[in-house]
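Reader: I would like to learn how to read a model like this one. Please take it feature by feature.

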Amino acid sequence: MTIEEKLHGTALYLPNDPEILVEQTACLERLYDYNATRPREGEKRAALLKEMFAEIGEGCYIEPPLHANFGGKHVHFGKNVYANFNLTLVDDTHIYVGDCTMFGPNVTVATAGHPILPQLRAQGYQYNAAVHIGKNCWIGAGVVILPGITIGDNVVVGAGSVVTKDLPDNVVAVGNPCRVLRPVSDKDREYYFKQHAIDPALL
């Protein structure tokens, strides 16, 4: 099995393999350049993201600093994805994010895990499992999404949640571990925050 197959196939492998480190270091050099950009360098940021990411749609904005194990090499963003400060993408394997999804500050999306068995962990073994996040989601501040998770479309994940199981479409989910609180409902068409009404002209 090749290194590439191990990275993307949930097999156990050693992440300090020299072949991995050469590629990873090159990716992190570009990530360093991205995080060193100035606020007025929007065009430079957009160009760097196209180099760094596996895929990135039009209209995406990622507020530096961005943290990513492979500098976004295994990240696939749709269009109009927004990420606030300190998005951490543990992109040892693929992370897929649909159009118009938003990340609050300090969100972590992790694809890498380590064995529970102490003897294997002491040797440094790791495995990876891809994460899928749907379209038009809102991932609140401080959320942690664990390896192998799939989140459906139109999902709101409340701040501080730890997502340990898949979430279906059209729900609000909160907590540690994260659980579905309720579906997105007709009331959400009337009020955007507590008793603050939505102007019908916006719909």
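Author: Start with exposure. Buried means under 20% relative accessible area, exposed means over 50%, and partly exposed lies in between (1.4 Å probe, protein chains only). Asparagine 154 is partly exposed, because its relative accessible area is 31%. This is a predicted model, where local features need pLDDT of at least 70, side-chain atom pairs count only at pLDDT 80 or more, and totals for chains, interfaces and linings use all residues. Residues are numbered from 1 along each chain as its sequence is written, and side-chain values use heavy atoms, without hydrogens and water.

Reader: What is the sign of phi at asparagine 154?

Author: Phi is positive there, about 60 degrees, although asparagine 154 is not a glycine. Strands are DSSP runs of E with at least two residues, helices are runs of H or I with at least four, and both are numbered from the N terminus. Asparagine 154 sits in the loop between strand 15 (150-151) and strand 16. Lysine 194 also has a positive phi, near 50 degrees. Its loop runs between strand 20 (191-193) and strand 21 (196-197). Lysine 194 is exposed, because its relative accessible area is 62%.

Reader: How do I read the sheet? What is the strand order?

Author: Strands of a sheet pair through backbone hydrogen bonds, either parallel or antiparallel. Here, two strands pair if DSSP finds at least two bridges between them. The open sheet has seven strands in the order 2-5-8-13-16-18-19, with mixed pairing. Its edges are strand 2 (61-62) and strand 19 (179-183), each pairing on one side only.

Reader: Which pairing sense joins strand 8 to strand 13?

Author: Parallel. Strand 8 (residues 102-103) and strand 13 (residues 138-139) share two bridges. Methionine 102 has tryptophan 138 as its bridge partner. Strand 16 (residues 156-157) and strand 18 (residues 171-174) are also parallel, over two bridges. There, valine 157 stands opposite alanine 173.

Reader: And where does the sheet turn back on itself?

Author: Look at strands 18 and 19. They run antiparallel, joined by four bridges. Valine 172 has arginine 182 as its bridge partner. The two strands form a hairpin with four residues between them, and glycine 175 in the turn has a positive phi of about 105 degrees. Proline 177 lies in this loop between strand 18 and strand 19. The peptide bond from asparagine 176 to proline 177 is cis, with omega near 0 degrees.

Reader: How many aromatic pairs are there?

Author: Rings of Phe, Tyr and Trp (its six-membered ring) pair if their centres lie within 6.5 Å; planes under 30 degrees apart are stacked, over 60 edge-to-face, and the rest tilted. The structure holds three such pairs. Phenylalanine 53 and phenylalanine 77 are edge-to-face, 5.2 Å centre to centre with 75 degrees between the planes. Both phenylalanines, 53 and 77, are buried. Tyrosine 61 and tyrosine 82 have ring centres 6.1 Å apart and planes at 10 degrees, so this pair is stacked. The tyrosine pair links strand 2 to strand 5 (residues 82-83), 21 residues apart.

Reader: Are these tyrosines buried or partly exposed?

Author: Tyrosine 61 is partly exposed, because its relative accessible area is 34%. Tyrosine 82 is partly exposed too, at 30%. Tryptophan 138 is also partly exposed, at 47%.
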